[in-house]
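Let's take a friendly walk through a protein model together. Have the picture ready to turn as you read.

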Amino acid sequence: MQQLTNKRIILGITGGIAAYKSAEVVRLLKKSGADVRVVMTNGAKEFITPLTLQALSGNPVHHTLLNPEAEAGMGHIELAKWADVILVAPASANFIARLTQGLGDDLLTTLCLASEATLAIAPAMNQAMWHNETTQYNLQRLQDLKGRKLHIFGPADGQQACGDVGPGRMLEPELLTQSLANLFDRGMLAGVRVTITAGPTREAIDPVRYISNHSSGKMGYALAQAAIDAGAHVTLISGPVTIKAPSRVHLVNVSSARDMLEAALQQTPECDIFIAAAAVADYRPMTVANQKIKKSGDTIEMTLVKNPDIVATVAQHEQRPFTIGFAAETQDIDTYARSKLARKQLDLIIANDVSRQDIGFNSDNNAVTVYWPDGQQDFADRSKNALAHDLIELIAQRYHNPPHTV
Ligand code: PMT
């Protein structure tokens, strides 16, 4: 169920015998690649222990609204904003009634009130309680709510724990997980492993000085976020920058070009798409002084040696991923970009005009032309975030439809 990869799910558990099945729901969600936080009502804790759910979800279980310790960790508003979806399974008749009333008298109902995430409930109760007209009235009211993304999964019909037969059984965990997955469109890069290099490299001269450039990392980091939004598993190999990495990436911090190459080669066999957005220093000082170089004459000479070409090395790897480079050019963009595309044996190259001050290095906007062996596409000025989403769409199209099928 790749639709659930990277999805942030709050699983709310209320008091009912079906709560024992929630452990299996957590296991299946985790297996699908989701990040799961469990929220329990007091009633739920009578049926299943928080410890079981903590062990299965790999996260602390939340159960109290006014707990200073829990609020100091991930507070309830933060948790409400964190979620992509809230699934309440089992949802008791009592919980459904409180939800319908808009009550916020415990953590779970408060989260449902405070969150803008999609809400799904899996009712589970005795068949008479299910048939009760108040329950049916509440469910109808919930379904009529405008503006709320609310889904009701089940219940199933059959033998109940109390011996009755009829509707009120919680859907089986497999069906519940599948129903939840169906709420999400399959991302363009669902389950695809993407590695992105970003930022500058630093090439040491002595213990206090280095050669570097103006790359801020914004373009590469925006691509990482866009790839995550498309469902990919993302590794971000970053040179030194001051911006914050998206929360769902595997971040590998590096400094020099050679560090970046080592990290890239480690990822290469595990990666489907490699995007080189980093501004790698082409040369480094041949020797690095052990001590700070003292000021002496009016001039100083330094021999520089060529750094390894990271993206070209990845493109020539025997387990070659779909490989994309950037080209930062100040003139003859078309000619230089096409020549880099061929020389580095890339699938795509994204060329930006870095002679312009308002785009490219360290700005919030960019404009690029993407080249591939038999085509090209222009992307006029827009924010790096918007551009990243457009580029990921194009990359996904070309990755899924290699040249001979396009
Ligand atoms: O980080 P920002 O401030 O947001 O700015 C974004 C950017 C301008 C840095 C980015 O959009 C960009 O153009 N990155 C590539 C910069 C660059 O080094 O271009 P290049 O034409 O010198 O290199 C061509 C390609 O080879 C690039 O993919 C580069 O990552 C790669 N390369 C270069 C040298 C080297 N030793 N190893 C490499 O992998």
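The report below begins with the whole chain, moves on to the ligand, and ends with a few single residues.

## The chain as a whole

Keep in mind from the start that this is a predicted model. The chain has 406 residues, and 50% of them count as buried. A residue earns that label when its relative accessible area is under 20%. You can find 15 helices and 19 strands in the chain. If you follow the C-alpha trace along its principal axes, it spans about 90 × 55 × 40 Å.

## Where the ligand sits

Now look for the ligand, which sits in the largest pocket. Three elements each give two or more residues to the shell around the ligand: helix α11 (218-229), helix α13 (310-315) and strand β16 (322-329). Which of these gives the most to the shell? That is β16, with four residues.

There are 27 residues around the ligand, and the ones that come nearest are Ser-215, Ser-216, Ala-278, Lys-340 and Asn-362. Sorted by class, the shell holds 13 nonpolar, eight polar and six charged residues.

## Backbone atoms beside the ligand

Side chains are easy to notice, but try looking at the backbone here. An oxygen atom of the ligand is 2.6 Å from a polar backbone atom of Asn-362. At Phe-326, a backbone N or O atom lies 2.8 Å from a ligand oxygen. For Ala-328, the distance between a polar backbone atom and an oxygen atom of the ligand is 3.1 Å. How much of the ligand's accessible area does the protein cover? On its own the ligand has 760 Å² of accessible area, and the protein covers 96% of that.

## Backbone angles to look for

Here is a useful rule: most residues other than glycine have a negative phi, and most peptide bonds are trans. Asn-362, which you met beside the ligand, is not a glycine, yet its phi is positive, at about 60 degrees. This residue is in the loop between β17 and β18 (365-372). Asn-362 counts as partly exposed because its relative accessibility is 48%, which falls between the cut-offs of 20% and 50%.

Gln-345 also has a positive phi, near 55 degrees. You will find Gln-345 in the loop between α14 (333-343) and β17. With a relative accessible area of 43%, Gln-345 is partly exposed.

Two peptide bonds are worth finding as well. The bond from Ala-89 to Pro-90 is cis, with omega near 0 degrees, and Pro-90 is part of strand β3 (residues 85-91). Gly-154 and Pro-155 are likewise joined by a cis peptide bond, where omega is about 5 degrees. Pro-155 belongs to the loop between β5 (150-152) and β6 (156-159).

## One buried residue and one exposed residue

Is Asn-352 buried or exposed? Its relative accessibility is 7%, so Asn-352 counts as buried. This residue lies in strand β17 (residues 348-353). Its side chain makes a polar contact with the side chain of Asn-366, at 3.0 Å.

Now turn to Thr-242, in the loop between β11 (233-238) and β12 (250-253). Thr-242 is exposed because its relative accessible area is 83%, and the label asks for over 50%. Finally, compare Thr-242 with Pro-269: they are 27 residues apart along the chain, and their C-alpha atoms are separated by 29 Å.

Methods:
Residues are numbered from 1 along each chain as its sequence is written. This is a predicted model: local features need pLDDT of at least 70, side-chain atom pairs count only at pLDDT 80 or more; totals for chains, interfaces and linings use all residues. Side-chain values use heavy atoms; hydrogens and water are left out. A residue is near a molecule or strand if one of its heavy atoms lies within 4 Å of it. A polar contact is a pair of N or O atoms within 3.5 Å; within protein, one must be able to donate a hydrogen and the other to accept it, and residues adjacent in sequence count only if both atoms are side-chain atoms. Accessible areas come from the Shrake-Rupley method with a 1.4 Å probe; for residues, only the protein chains shown count as cover. On a 1 Å grid over the protein atoms alone, a cavity is a set of points where a 1.4 Å probe fits but cannot get out, and a pocket is an open set with protein on both sides within 12 Å along at least five of seven lines; lining residues have an atom within 4 Å of a point. A molecule sits in a cavity or pocket if more than half of its atoms lie within 2 Å of its grid points. Ala, Val, Leu, Ile, Met, Phe, Trp, Tyr, Cys and Pro count as nonpolar, Asp, Glu, Lys and Arg as charged, and the others, Gly among them, as polar. Buried means under 20% relative accessible area, exposed over 50%, partly exposed in between (1.4 Å probe, protein chains only).
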